[in-house]
Amino acid sequence: MKKNTKLPGNTYYYFLPIASLIFSVAMFLLVGRALANNAVLRSIFSCQAQGLGGLIPTINVWYGQGTNLSFIPAGEVIKKVWLNDPSQVTMDFDGPVCMQFGLKPNTSSGDCKNSAANVIQLRRIQKLDIPGLPNTNNTLLTVITEAQGKNKLYTFKVIYKTDSPEYHTLAIFPDPSGQEGACARVSQ
C-alpha cells in the first residue's frame, strides 16, 4: 500500500506559520542586538566598581556628550574626587563636593561635612596643554563615597573615545545580598 505523501490543499498553509516563526525570531535577535548596542545605561555592582574582583572598571567619555557616574542606586554620597589628568575631561556634580587646597586637608570642616553629590558628570574636551602632563589615552578617576557611616574607595580607568557614544550613564548598584561570586576575584 502506497502512502499519500502529497500535502492536501495549499502547501503554503503549512509553511506560513514556520516562516513567520523564523522571521519573528530573526527580528527579535536583530532588535535586541540594536538595543544592546544603543544602551543608555550601564550598571555595575559596588564591589566590582571598587575593583574587588581584580579588574579596574572603565568609564568611557566622548566628545559632544557627557558621561554620568551615578551612585544614586547604591545610596552613596560622594565625599572627594581626584582626576589624574584634567587636560581632556571636565567634571561637574549634582551637589556640593569637598574641595580642599593646601598641604593640610581637613575633611571634618566646611564643605567636606556638607558634601551631598551623588552623580559625577564627565565631559570630554579638546586637550589642554598643561605643562608636565604626558600625552595619554586614558586617566584615572578616584572617588571616595560614604553611606551609613562607612567610606568606600572607587577607581575608574577613564578612556577617551572619539566614536559614537555607547551609553550616557554608568550606575553603581549595591552589592547583591546572598549571591556569592558577584565580585569573585578574576585572574588577569
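These legends accompany three close-up views of a predicted model.

**View 1. Ser115, a buried loop residue.** Welcome to the loop between strand S5 (89-93) and strand S6 (119-124), where Ser115 sits. Its relative accessibility is 9%, and because buried means under 20%, Ser115 counts as buried. Beyond its neighbours within four places in sequence, Ser115 is in contact with Val77, Ile78 and Lys79, and also with Pro96, Val97 and Cys98. Look for Lys80 as well: 35 residues separate Lys80 from Ser115 in sequence, while their C-alpha atoms are 8.4 Å apart in space.

**View 2. Ser164, an exposed loop residue.** Here we visit the loop between strand S8 (150-160) and strand S9 (169-173), which holds Ser164. With a relative accessible area of 56%, Ser164 is exposed, because the cut-off for that class is over 50%. Trp62 makes a good landmark in this view: Ser164 and Trp62 are 102 residues apart in sequence, yet 7.5 Å apart in space from C-alpha to C-alpha.

**View 3. Thr169 and its polar contacts in strand S9.** Thr169 belongs to strand S9 and is buried, at 11% relative accessible area. Follow its side chain to find two partners: a polar contact of 2.7 Å joins it to the side chain of His168, and another, of 3.4 Å, links it to the side chain of Asn68. Asn68 also appears among the residues that Thr169 touches when those up to four places away in sequence are not counted; Val40, Leu41, Arg42 and Ser70 complete that list.

Key: Residues are numbered from 1 along each chain as its sequence is written. This is a predicted model: local features need pLDDT of at least 70, side-chain atom pairs count only at pLDDT 80 or more; totals for chains, interfaces and linings use all residues. Side-chain values use heavy atoms; hydrogens and water are left out. Helices (H or I, at least four residues) and strands (E, at least two) are DSSP runs, numbered from the N terminus. Buried means under 20% relative accessible area, exposed over 50%, partly exposed in between (1.4 Å probe, protein chains only). Contact means heavy atoms within 4.5 Å. A polar contact is a pair of N or O atoms within 3.5 Å; within protein, one must be able to donate a hydrogen and the other to accept it, and residues adjacent in sequence count only if both atoms are side-chain atoms.
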